[in-house]
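This report goes through one protein chain from its overall fold down to single residues. The sequence and the structure come first.

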Amino acid sequence: MRVSLYVPGTSPLHRAPAGGKLAALLVCGVAVFLTGSVAVLGPGAVLALALLLSVRAPRERLVRQLRGPAGVLAVVVAAAALTESVHTALVVGLRLAVLLLSALSVTFTTRTSELQRVLELMLRPLDRAGLVNAPAVALAVSLALRFVPEVFRQFQEIREAQAARGLRGSPVALIVPLVIRVLKSAEDIAAAIDARGYPPARSGGPARDERTARTERTARTARTARTARLERTEDTERTGGKASG
């Protein structure tokens, strides 16, 4: 399963440290809401677009990542134009465009491991105070950010496969297999993380034999549940297909 949008490259943005890119993204997000001038936001959007193009991401991947947000952006701009004014619609659209293009540039040029290290560094003071487990929180956030495009990819695969079989117009035939796939992927990732003993135990934490026993129980439960789900998948999809008919 591919859960990263990282695009290998040697652009200046690729070489920039992850912490600096995230800090710049934060500053950018604050700055666009401190101004309502189209004369400022317009060049900002052009600059963000140029930054994204400098990453030299594959055209197919770029179009795939921009297609959905672009549709939402168009709806928001149209609604703002109808309910407020054209100027307000332009300001809203340019703000969102700057944020979208900048965030995508950072995502394309930042590995998940780099993002995780930055989050751990930011959470280290809270970890030392015993308030959070920094490695666990960093891993959870990075997985959440990277899992969204994977869910969308699975959605497209199921829709295309069912369209090829003539199954159209049934939400059940689409949603049920998607939920099963997402749960299976999440279960596989959880089992893999636990099997690797991550995050490492703190001082005074569970002993190694207890961790090993828990890992074996988790893996055994995951295998049993996965087998049962796989046996039900074909029946579920057939049921959905009959419902669409």
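How many salt bridges does the count come to? The count comes to one salt bridge in this predicted model. The pair is R111 and E114, whose closest N and O atoms lie 3.8 Å apart. A salt bridge is called here when a side-chain nitrogen of Lys or Arg is within 4 Å of a carboxyl oxygen of Asp or Glu, and 3.8 Å between R111 and E114 is the distance to set against that cut-off. Side chains of opposite charge can pair when their charged atoms come close. As for accessibility, R111 is partly exposed, with a relative accessible area of 40%. E114 is buried, at 18%; the cut-off for buried is under 20%.

**Overall fold**

The protein chain contains nine helices and zero strands. Its pattern along the sequence is accordingly written α-α-α-α-α-α-α-α-α. The chain has 245 residues, and 31% of them count as buried.

**Helix α2**

Helix α2 covers residues 18–31. With 14 residues at 1.5 Å a residue, α2 should span 20 Å, and its end C-alpha atoms are 20 Å apart, which agrees. A18, K21 and G29 are buried in α2. Seen down the axis of α2, these buried residues fall within an arc of 75°, so they line one face of the helix. An α-helix has 3.6 residues a turn, so residues three or four places apart point the same way. The face of α2 turned away from the buried side carries L26 and V27, which are exposed.

**Helix α3**

Helix α3 covers residues 38–54. The expected span for its 17 residues, at 1.5 Å each, is 24 Å; the end C-alpha atoms of α3 are 24 Å apart, in agreement. In α3 the buried residues are L41, G42, A45, A48 and L52. Their arc around the axis is only 125°, which puts them on the same side of α3. The other side of α3 has the exposed residues A39, P43, V46, L47 and L53. For V46 the relative accessible area is 57%.

**The second largest pocket**

The second largest pocket has a volume of about 230 Å³. Which helices each supply at least two residues of its lining? They are α2, α3 and α5, the last of these covering residues 86–109. The most comes from α3, with six residues. Among the lining residues are C28, A31, V32, T35, V40, G44, L51 and S102. L41 and A48 also line this pocket, and both are among the buried residues of α3. L47 is another lining residue, although L47 belongs to the exposed residues on the other side of α3. By residue type, the lining divides into nine nonpolar, three polar and no charged residues.

V98 is also part of the lining. V98 pairs in space with V46 of α3: the two are 52 residues apart in sequence and 8.3 Å apart, C-alpha to C-alpha.

**Pairs apart in sequence**

The table gives three residue pairs with their separation along the chain and in space.

| Pair | Separation in sequence | C-alpha to C-alpha distance |
|---|---|---|
| T10 and V55 | 45 residues | 8.3 Å |
| A74 and G93 | 19 residues | 7.9 Å |
| V46 and V98 | 52 residues | 8.3 Å |

T10 lies in the segment before α1, a helix that covers residues 12–15. T10 is exposed, with a relative accessible area of 67%. A74 is found in helix α4. Is A74 buried, partly exposed or exposed? A74 counts as partly exposed, at 46% relative accessibility.

**A residue with positive phi**

R56 is not a glycine, yet R56 has a positive phi of about 60°. R56 is placed in the loop between α3 and α4, the latter helix covering residues 59–83. At 73% relative accessibility, R56 counts as exposed; the cut-off for exposed is over 50%.

Conventions. Residues numbered from 1 in each chain as written. Predicted model: local features only at pLDDT ≥ 70, side-chain atom pairs only at ≥ 80, totals over all residues. Heavy atoms only, no water. 1 Å grid on protein atoms, 1.4 Å probe; cavity = no way out; pocket = protein on both sides within 12 Å on 5 of 7 lines; lining within 4 Å. Points joined across faces, edges and corners; volume = space filled by probe spheres on them. Helix = DSSP H or I, 4+ residues; strand = E, 2+ residues; numbered from the N terminus. Nonpolar A, V, L, I, M, F, W, Y, C, P; charged D, E, K, R; others polar. Buried < 20%, exposed > 50% of the residue type's maximum accessible area, 1.4 Å probe, protein only. Expected span 1.5 Å × (residues − 1). Arc of directions from axis to C-beta.
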